[in-house]
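Please find below a note for a colleague who is new to this structure. The points are numbered and may be read beside the sequence and the model.

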Amino acid sequence: MDVDKPLAWIEDLVFAHTDEHLNELQKVILQQVWQGQKYFDIANIYGCTEGHAKDVGSDLWKLLSTVVGEKITKKNLRFVVTKHMQASLDLPLSTADDRLGFVGRHQAMAQLDLWVQQGVTAVAIQGEGGVGKTTLARQYLQAQQYELCLELLMAKEASGIISVERVVEEWLTRDLQDDPGLELGISLDRLRRHLRQRRIGVLVDNLEPALDPQGLLIPEHRRYLELFRVLTDAHNQGLTLVTSRDRICESSLNLQHYRLPGLALVAWQQFFQLQGLPTETIVLPQLQRAYGGNAKAMTLLSGAIQSDYSGELDTFWQDQQQNLLLAADLQNLINHQISRLQSLDPDAYRLFCRLGCYRYQTVATLPTTGVLALLWDIPESEQRAKIASLQNRSMVEFHKGRYWLHPVMREAAIARLRQGSDWEMANRYAAQYWRESVQTITTTQDALQALEAFYHYNAIQDYPQSAAVLLQARDNQWHQYLSLGSSLYRLGLHQPLLEALPPLITHLPFDPRFGELHNILGDYYWTTGDIHQAIASQQRSLQLSTQALASPDLEAHRQHHFQIQALDSQLSLGLYYLDLWDLDTSAAFFQQVIESATQTVHHRWMPKASICLALVYSHMGKAQAARQLATQALGEQLPETEQAARLAYFLQLLGQTYVYLGDLSQAGMLFDQALTVAETSHYPQVQARTLLGRAAIHRHQGHFANAVVDHKQAISLLKQLQATCDLAEAHFQLGLTYQAMHQTGDTQGVAFGHRDRHFRQAIQLFTAMNAPFQIQRVLANTAD
């Protein structure tokens, strides 16, 4: 047996038990150990030390022993895994897919194979609801053994479709470990690079809510067309499969269309046989013909026969023939089955309807606890029987401990839920489940899972609770106890909150309880280059903190919270005004932080504020004051809990100060530290700022060629990020370098021309930012 099937089996088993995927080194260890390699070879392949590979391997064998239920070591891995794979399937591996219900699609798989061989990179699979489009797409992508598979599960209603910016951001951040750009075009360029360089499969499922009657993308989501152009690029190494009930008629897309037919009678016979149901009967051909071979109808009917008629197909037919053939389409069958469930098992019916409140998008499936959360009015001893009732009737999809509703079933469930009395309570209990399901945020998936609660409260217009979700604090991967909103920001997930926060704030009172939301939104605006919006948001946050601190009855822990919030707002405002080159205002805010921190227990804010103020003083020509603060900051330690990017950020600020003070040696050491942290932690914006600082050192030393290299590398990084303010500064600094080159012997005037060009670009960008002081700063250096 080759390594791919057992590796996939192990990955699925680990995920089912832990809700986490194997990391890259764990996968390499499994692949190489399966093929008989030693740790020395594994370390060379992966690029780590042999000791590290052994440590990870030791932990991996313990994990696998737990999830498999038998001791696994490096020596017995193949034997134990092979044994358990075959035991879990209880039949030869080649028929495992059939046992799971994937039957009768050999011709469709062969057609997809042929197109891939011909160079097709995108296929639209069209068919009626329940015909098996998603199952075919997933089975095919899995069979291709792609390096990675990306999924976009479209909302079942147009109003629930998330923005394309957010989709691409989540793919880059969560799945591709890349940084999204601040503009969609930049993010799409990065996605395009991955798709062209790596074998990546993509599934876009259930596209029809985003299409109008002509098969075109609806106006409010036309920007999805930009994403689909990337996904259908002929140069991609993998394959994109798009499923839809309606034909996609966007002429600019390089799409191969495939109309998926219903399953043939032989496939129905095979499926019923695998379920232990009779097939040698005239009933089955009539059912298959009546429902056009619809796959979901097949599973619903087999479930009803097994659950309600003890597997007696003929008895089922005698009882239900008239109802089933009167209007034989899937929707009528679903409604019939739901009504029958309501009559036979009212509690299971209510559970089915309640399951319609889950979105099944960012988090596509639910563990058992997520289903149990909706059984608040059922005794615990009876709850699992209600889940089994839905499983037995094929009313809910189930695989390896995870549950979800088929799209057509979810449509029916949510329609009935909204009409009934459980709509609000179902969303409240679902939100509570999501909030309690994430204790620590260490991955982007943790943060996105915790964010699901927000959408449930929004659905019932409980906006204070929506805010509470964003403000709920948890430990994160940087050992900080931060709100969900702040953790999303630090994880680079900007789009969810840029979409959610502005409208949410309009529904909330101007109250100190929600001041942190304005603080978070300010940082998001700053990141996107909208500094004046950032200032307005941060000032509202500061106003609310000040208002709260003025209350004589404020509890001690709330006083602590609002003091920190005020300090953070003041520090942020100082940085925003520094980017606008309003140095007096910037200095005033940093001085406020130092004074406030000195008078309270919040001393950890002093080093950061001192570093910032030292830089401002150096720009203002106050060298002695700048040196005093810089020396003081150099002797203090930034908090150990400081995020890596923030640590590097303040190190490079301190380095800039020492450049202006003329201590190039000290500046160089600080930049080296900052660059190491920024590169290893993958923070390109901080990396670019640090390169600008290093370029300034080269300029002062007369090493102009090295300076230009660093400048251009920084500009390249900042262009990708669309970091307007830093990009403007980068062009200005490169202009200064060319000016210095001209002054030291550029007789041809070439450097002078380059200087003017970069100064003009800096002015254009500062103008777009509405930063008049920055423009004056550039103009002051243009005199010949």
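1. The count of salt bridges comes to 30. The model is a predicted one, and the pairs discussed below should be read as features of that prediction.

2. One salt bridge joins lysine 27 to glutamate 24, with the closest N and O atoms 3.7 Å apart. Both residues belong to helix α2, which spans residues 24-34. They are 3 residues apart, about one turn of the helix. This pair also belongs to a wider arrangement, since Glu11, Glu24 and Lys27 are linked in a network of salt bridges.

3. Arginine 138 and glutamate 151 form another salt bridge through their side chains, at 3.0 Å from N to O. Here the pair links distant parts of the chain: arginine 138 is in helix α8 (residues 133-143), glutamate 151 is in strand β2 (residues 148-153), and 13 residues separate them. Arginine 138 has a relative accessible area of 31% and is therefore partly exposed. Glutamate 151, at 34% relative accessibility, also counts as partly exposed.

4. Where do glutamate 424 and arginine 428 lie with respect to each other in helix α21? They are 4 residues apart in this helix (residues 423-437), and so are separated by about one helical turn. Their side chains meet in a salt bridge of 3.0 Å, N to O. Glutamate 424 counts as partly exposed because its relative accessibility is 41%. Arginine 428 is likewise classed as partly exposed, with a value of 25%.

5. Which residues form a positive surface patch? The patch is made up of Lys712, Lys719, Arg757 and Arg760. Two helices, α35 (704-721) and α37 (750-768), each supply at least two of its residues. Arginine 760, for its part, is placed in helix α37.

6. Tyrosine 360 deserves attention for its backbone: its phi is positive, about 55°, although the residue is not a glycine. Most residues other than glycine have a negative phi. Tyrosine 360 lies in the loop between α17 (346-354) and β6 (366-367). Is this residue buried or exposed? Tyrosine 360 has a relative accessible area of 5%, and is therefore buried, as the limit for that class is under 20%.

7. Lysine 400 also has a positive phi, near 50°, and is a residue other than glycine. The residue is found in the loop between β7 (397-399) and β8 (402-404). Lysine 400 has 35% relative accessibility and so counts as partly exposed.

8. How many disulfides does a search of the whole structure find? The search finds 0. As for individual cysteines, cysteine 149 is partly exposed at 38% relative accessibility. Cysteine 249 is partly exposed as well, with a relative accessible area of 36%.

9. Glutamine 533 is placed in helix α27, which covers residues 531-549. With 33% relative accessibility, glutamine 533 counts as partly exposed. Glutamine 533 and glutamine 126 are 407 residues apart in sequence, and their C-alpha atoms are 45 Å apart in space.

Note on methods
Residues are numbered from 1 along each chain as its sequence is written. This is a predicted model: local features need pLDDT of at least 70, side-chain atom pairs count only at pLDDT 80 or more; totals for chains, interfaces and linings use all residues. Side-chain values use heavy atoms; hydrogens and water are left out. A disulfide is a pair of cysteine sulfur atoms within 2.5 Å. Buried means under 20% relative accessible area, exposed over 50%, partly exposed in between (1.4 Å probe, protein chains only). Patches are made of residues with over 30% relative accessible area and no salt bridge: like charges are joined within 9 Å, nonpolar side chains (Val, Leu, Ile, Met, Phe, Trp, Tyr) within 5 Å. Accessible areas come from the Shrake-Rupley method with a 1.4 Å probe; for residues, only the protein chains shown count as cover. A salt bridge is a side-chain nitrogen of Lys or Arg within 4 Å of a carboxyl oxygen of Asp or Glu. Lys and Arg count as positive and Asp and Glu as negative; His and the chain ends are not counted. The place of a charge is taken as NZ of Lys, CZ of Arg, CG of Asp or CD of Glu.
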